[in-house]
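Visitor: I'd like a close look at just one part of this one: the metal site. Please take me through what holds it together and what sits around it.

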Amino acid sequence: MLRPRNLNPTGSPAQGADDTLRRRAIAAYLGLAIGDALGATVEFMTPNEIRHKFGEHREMVGGGWLKLKPGQVTDDTSMSLALGEAILANGRVDALATARAFDAWMRAKPVDIGNTVRRNLISWRRSGEPEAPPSEHDAGNGAAMRVLPLALATYGHPPEDIVAASRAQAHVTHNNELSDAACETLVAMLHAYFADDPAAAKRHIATLVENRPQYAHDRKRCENPSGYVVDTLHAVFQALAAHNDFEGCLIDVVNRGGDADTTGAIAGMLAGARAGLEAIPPRWLKALDPQVRSQCETQAVALLVRVARRHA
Ligand code: MN
Ligand code: MN
């Protein structure tokens, strides 16, 4: 039987390895929210515009085109939290429950929402069919940005179950092969970091590039990444490879501008999982919306408890 590495199935308090996993999981959640809040300030700006206004953008000051409060997050984090709630309420990743959760999230008037997300949630209201039809145009980053709760909920599961769960959540809004490949790679990378195996995470990127050459990212520096998931991951993979530290990775990726809240969110969850809680700058933790911070911490732990129970 497959057991998550480093996870104590009895759930008894803090053996060293358990505590390491717990801290990596929380750091991934906080990294997602911090990257989102940091990047949102410069979303849709070019690197030149950012340089002109901030020199280097490194503080969580809010503002941006959404006129955010300092530390306020956007759809990248709030959709992830909605997905995590649905997983916890259902005990599994379920397409219909996910569609309902995203619909409730959309009705609550989020500060931002992607076009593909809106369009496919509106068709879901009409059809009742939680899986959006396949579309070669729906290769946006909207499904990839919210994989974190699923990665936690499926930690240690058989690979085919992980793929099925990933597609169930992704296809509610993005039924597209490039998006699927991105989601599955990000989940596999998160699992590798949770298991303290960064070399495996690198191999997952190499496999993605092998299977989908669009994802090759070793040539030109990706600036101004768009919402096209391939573009988004170019910027994220480059920043992740260039900086081993959490802070350096996030500052690099958001200063590339473009879809900076989403590159920040994805780089933040990966770099957080890779580096652990100690690596997150206290000034960013302090600046993050306190309610979001506590939701992230609570949800990370709740999902881990679920994983531990399943393997007990
Ligand atoms: Mn956003
Ligand atoms: Mn965005």
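Guide: A quick ground rule: a donor here is an N, O or S atom within 2.8 Å of the metal (3.2 Å for Na, K and Ca), and water is not among the atoms, so a site may look incomplete. You're looking at a predicted model, where local features need pLDDT of at least 70 and side-chain atom pairs count only at pLDDT 80 or more, while totals for chains, interfaces and linings use all residues. Residues are numbered from 1 along each chain as its sequence is written, chains are lettered from A and ligands numbered from 1 in the order in which they are written, and side-chain values use heavy atoms, with hydrogens and water left out.

Let's start with the two ions together: the manganese ion (ligand 1) and the manganese ion (ligand 2) are 3.7 Å apart, with Asp-261 coordinating both. Around ligand 1 you'll find Thr-74 (OG1), Asp-75 (OD), Asp-76 (OD), Asp-112 (OD) and Asp-261 (OD), at 2.0 to 2.4 Å. Along the sequence, those donor residues follow the spacing T-D-D-x35-D-x148-D. Distant stretches of chain get linked this way, since Asp-76 sits in helix α3 (residues 75–90) and Asp-261 in helix α12 (residues 260–275), 185 residues apart. Helices (H or I, at least four residues) and strands (E, at least two) are DSSP runs, numbered from the N terminus. Asp-76 and Asp-261 are both buried, meaning under 20% relative accessible area, against over 50% for exposed and partly exposed in between (1.4 Å probe, protein chains only).

Now for ligand 2. Its coordination comes from Glu-43 (OE), Asp-259 (OD), Asp-261 (OD) and Thr-262 (OG1), at 2.1 to 2.7 Å, and the spacing reads E-x215-D-x1-D-T. Here again far-off parts of the chain are linked: Glu-43 belongs to the loop between α1 and α2, Thr-262 to helix α12, and 219 residues separate the two. Glu-43 and Thr-262 are buried. Move along to Phe-44, in the loop between α1 and α2 (47–54), and you meet a residue that counts as exposed because its relative accessibility is 53%. Phe-44 also has a positive phi, near 70°, despite not being glycine.

Met-145 is worth a stop too. You'll find Met-145 in the loop between α5 and α6 (148–153), and it counts as buried because its relative accessible area is 3%. Setting aside neighbours within four places in sequence, Met-145 contacts Leu-32, Asp-75, Asp-76, Met-79, Ser-80, Thr-262, Ile-266 and Met-269, where contact means heavy atoms within 4.5 Å.

Last, look at what packs on α12. The axes of helix α10 (residues 229–242) and α12 come within 9 Å and cross at roughly 35°; axes are lines fitted to C-alpha atoms, for helices over the stretch in contact, and angles run from 0 to 180 degrees between N-to-C directions. From α10 the contact takes Thr-232, Leu-233, Ala-235, Val-236 and Leu-240, and from α12 Thr-262, Thr-263, Ile-266, Ala-267, Leu-270, Ala-271 and Arg-274.

Ile-266 and Leu-270 turn up once more in the largest nonpolar core, which has 95 residues; they are among those that touch the most other members, along with Met-189, Leu-190, Phe-194 and Val-229. Such a core is a set of buried Ala, Val, Leu, Ile, Met, Phe, Trp, Tyr and Cys residues joined through side-chain atoms within 4.5 Å.
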